[in-house]
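Biologist: I should be grateful for a close look at one part of this model. Please take the open sheet and what lies across it, and then set it beside the other local arrangements that can be described.

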Amino acid sequence: MNTAILFDTMSIQQYVFGSNKLRDNLGASYIVEHIYDYLKAKARANPTELDVGYIGGGNALFFTLSEVKATEIVKEYTSWLLYTYPGVSVAVAIDGKFSKTDSDYKKKLNDLFSELNANKGKYIPINIIPSHGITATCQFSSLSVEVIERNPDNSYDQISSLIASKRLNEADARKEEKLLLNNDILKEYKFPDKLDDLGQRKGEDSHIAVVHIDGNGFGNIFRELNSVEATINLSNQVKEAVREAFIYSLSEFVIAKEKNPFLFEGYFYIDKILPIRPIVLGGDDVTFVCHGKLGIWFAEKFMESFKSNYIDKDNQIPFSSCAGVAIVKTKYPFYRAYQLAEELCNSAKSARKKYMDDKKLKDGGNWIDFQLAYSGLGNSLEEVRKLQFVDVKGIKSLHNRPYCLEKMADQISIEELKAYTSTLKVTLPNSKIKDLREMLTRDNDSQKVFIEHLKHQHNEEKGFNESFCENPSPEVILNTYPFFDMIELLELYPVNLLNE
């Protein structure tokens, strides 16, 4: 077989997170995860005509007999997609002189990816029925209504074919996710069916956390591999590492909760229902939603487990990742919440890259960024932080995010931030912490005067002076401790876990 076909699933995030209904997100995620099963089945039925190279990370590489045959396969597959999963788009590149055993595999594959990227910008097909003024509109997708679905309470939803196809796969998605709970620690637990069941207290704290975690540099790593077998092996290794890291996070929560039922204050316990729900666990790309105060904690646990794997164990090159944690109101538009989490993840990746460049390092570790979305947040992350997270003169940034997971030379780690936050909590009363937050937004002179005030007023044993004033200069104190992030973390992290 001397012809390669490279597929890439396009606009995955918009497809998966285009609805605020959890069932729609789950069905869409399952579809994306199994989008190439049709071609795999065709390869099993006709092994002399079609062969699987690898499938992973939204990409799929297949081999066939000729360019003519490749065109036929692409036409058949995309027609099936259009009918079965409206709204899903794929980009395609074909190389008529590329066999599975090609000695120049790496160069050939990189050339194929270059062609694929070029093809993405040429033409995007219309694969959904557009909405018109004379048609009813689906409330979940803003597309034309094509299906009437009966609900368990005998009410009806008027939905588009795009939403209908997602819901047809919801049951399979739930069956698959149950396998994540198939161990002694988790076997009695289950995932929540609704976003409202993540443990929020109605009328009090109704925040959820949307967490997006992405592996560092895996795209480049895959392109540097020299054979299909090496690609398959690494792809399987990454997939298993993601699965095990997520299971580890769940297990750590259950162990901690059963050891101390009051460990997670602010969490309304629903018996045997976990305060977390996976949405995407594919390749090195992970998205889940959980209780608002557990987003950073779950992200930490996942990243700790994921980094225990190695790309190259002989040379001690570990897996690494970056995370973005967006804390939003439960009714916040889900796609916008995901976009914010993705922006935060990209912010963490940028900080990691800058640190690597500055220090001339090959490995920059694991980084995390977080943000509480206040009502009306519609701007980009960068715009919001420039508008709301600077002092009164608009010069000095109030935040110190992102943070590295482990200690990296002169960088403050998330563990250090948690330790500082815990110390602040036991050092100052809540009223003084609120005053400190307000003072941080003012000019530098006002900040220094307030720090001097805290030094002298709280100079008792274990007071502010002993905890934060090793250096007598208020300016050094302000530059050393990320007080604004510490104060925000008190709202976003279970206080009882800060010293875990």
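Modeller: What follows describes the open sheet, then one exposed lysine, and lastly a hairpin and a helix pair. The model is a predicted one.

The open sheet has six strands, in the order β8-β9-β7-β12-β13-β14, and its pairing is mixed. Its edges are β8 (276–282) and β14 (403–404), each of which pairs on one side only. Within the sheet, β12 (residues 321–329) and β13 (residues 367–372) run parallel and are joined by six bridges. One pairing can be followed at residue level: Ile-327 has Leu-372 in β13 as its bridge partner.

Two helices lie across strands of this sheet. Helix α10 (residues 295–306) lies across β7 (207–215), β8, β9 (285–291), β12 and β13. The direction of α10 is at about 165° to β12. Helix α18 (residues 483–492) lies across β12, β13 and β14, and runs at about 75° to β13. Strands β12 and β13 are thus crossed by α10 and also by α18.

A further residue may be placed by its distance to Tyr-403. Lys-353 belongs to helix α11 (residues 334–359). With a relative accessible area of 52%, Lys-353 counts as exposed, because the cut-off for that class is over 50%. Lys-353 and Tyr-403 are 50 residues apart along the chain, and their C-alpha atoms are separated by 13 Å.

Elsewhere in the chain, strand β2 (residues 50–56) and strand β3 (residues 59–64) run antiparallel and are joined by six bridges. These two strands form a hairpin with two residues between them. Gly-57, in the turn, has a positive phi of about 65°. Ile-55 has Ala-60 in β3 as its bridge partner.

The last arrangement is a pair of helices. Two packed helices are described by the angle between their axes and the distance between the axes. For helix α3 (residues 37–45) and helix α4 (residues 67–84), the axes come within 10 Å and cross at roughly 135°. The two helices are therefore oblique to each other, since angles over 145 degrees would be needed for roughly antiparallel. The crossing of α3 and α4 is right-handed. On the α3 side the contact involves Tyr-38, Leu-39 and Lys-42, which meet Ile-73, Glu-76, Tyr-77 and Trp-80 of α4. Of the residues in this contact, five are nonpolar, two are charged and none is polar.

Note on methods: Residues are numbered from 1 along each chain as its sequence is written. This is a predicted model: local features need pLDDT of at least 70, side-chain atom pairs count only at pLDDT 80 or more; totals for chains, interfaces and linings use all residues. Side-chain values use heavy atoms; hydrogens and water are left out. Axes are lines fitted to C-alpha atoms, for helices over the stretch in contact, and angles run from 0 to 180 degrees between N-to-C directions. Helices (H or I, at least four residues) and strands (E, at least two) are DSSP runs, numbered from the N terminus. Angles under 35 degrees count as roughly parallel, over 145 as roughly antiparallel, 65 to 115 as roughly perpendicular and the rest as oblique. A crossing is left-handed if the near helix is turned anticlockwise from the far one by less than a right angle, and right-handed if clockwise. Contact means heavy atoms within 4.5 Å. Ala, Val, Leu, Ile, Met, Phe, Trp, Tyr, Cys and Pro count as nonpolar, Asp, Glu, Lys and Arg as charged, and the others, Gly among them, as polar. Two strands pair if DSSP finds at least two bridges between them. Buried means under 20% relative accessible area, exposed over 50%, partly exposed in between (1.4 Å probe, protein chains only).
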